Amino acid sequence: MRKTTLFLIIVLSFACKRAEQPVAGARGTGTTTQAAPAPAATATVAGGSEVGQQMPAYSAPYLDGKLFSVADRKGKVVLLNLWATWCGPCRVEIPELEKMHAEYSPRGFEVVGVTVDEYPAEAIQKFADQQKMTYPIVLDPEGKLANLFETTVIPTTVLLDRSGKIVWKHQGPVMAKDPELMKALEEALKS
């Protein structure tokens with residue numbers, strides 16, 4: 001039992017690579033293998049995606065089809081979380097993201113989950129309902145945000161201040177009480 005628990009902790013501490021990953025069938029029929037979208041070799045990043053840089057322009061549809069745009073979020077502190085339903089560490093961090101969203105949203109904070117899953121919106125919504133996800137979810141099956149973040153690792157998360165500047169970036173699961181994240185979040189909320 002101890003070896004199994006230790007093994008699971010080690011496995012979950014590593015982030016998922018965006019490559020072939022086993023996922024539950026979108027229509028509830030068995031398990032399939034899905035190749036996650038690979039970053040485009042010619043992608044250009046206007047402004048970069050590192051801490052201290054302005055977040056590049058980015059938009060994608062929400063689950064309901066309305067358009068999410070980083071530019072429209074200016075004035076809010078936004079945690080952009082790149083994830084997928086088949087990613088174990090992504091599933092582990094969902095309750096942490098929920099806690100943050102609930103605790104800090106009255107102060108102008110918003111978690112936005114950006115999924116790279118290639119499933120229809122209905123399948124993602126079903127997963128979100130099962131996981132009790134209340135923060136908004138954006139669909140990005142082409143991996144455009146992964147290209148902007150210059151990453152093949154999910155989860156990858158960035159925190160944007162009210163002006164849209166990246167103030168924190170992390171590869172791997174987010175823990176809500178991470179000291180560096182909490183410091184960056186509090187400073188961003190004060191601005």
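How many of the 7 residues of strand β6, residues 77-83, are buried? Before I answer, please note that this is a predicted model. The count is 7 of the 7, so β6 is largely enclosed by the rest of the structure.

Let me take the two faces of this strand in turn. On one side we find Val77, Leu79, Asn81 and Trp83, and on the other Val78, Leu80 and Leu82; every one of these residues is buried, and both faces of β6 are therefore covered.

I turn now to the neighbours of β6. Strand β7, residues 109-115, runs parallel to β6 and is joined to it by 7 bridges. Within that pairing, Leu79 stands opposite Val111 of β7. The connection from β6 to β7 passes through helix α2, residues 88-104, and this β-α-β crossover is right-handed. Strand β10, residues 156-160, is antiparallel to β6, with 5 bridges between them. Here Leu82 has Thr156 of β10 as its bridge partner.

My second topic is the aromatic rings. Searching the whole structure yields 4 aromatic pairs. One of them is Tyr62 with Phe68, an edge-to-face pair at 5.7 Å centre to centre, with 80° between the planes. Tyr62 has a relative accessibility of 17% and so counts as buried, the limit being under 20%. Phe68 is also buried, with a relative accessible area of 1%. Tyr104 and Phe109 have ring centres 6.1 Å apart and planes at 80°, so this pair is likewise edge-to-face. Both Tyr104 and Phe109 are buried.

Finally, Tyr58, Tyr62 and Phe68 are linked into a cluster by ring pairs.

Technical notes: Residues are numbered from 1 along each chain as its sequence is written. This is a predicted model: local features need pLDDT of at least 70, side-chain atom pairs count only at pLDDT 80 or more; totals for chains, interfaces and linings use all residues. Side-chain values use heavy atoms; hydrogens and water are left out. Rings of Phe, Tyr and Trp (its six-membered ring) pair if their centres lie within 6.5 Å; planes under 30 degrees apart count as stacked, over 60 as edge-to-face and the rest as tilted. Buried means under 20% relative accessible area, exposed over 50%, partly exposed in between (1.4 Å probe, protein chains only). Helices (H or I, at least four residues) and strands (E, at least two) are DSSP runs, numbered from the N terminus. Two strands pair if DSSP finds at least two bridges between them. A crossover is right-handed if, with the strands pointing away from the viewer, the path from the first strand over the helix to the second runs clockwise.
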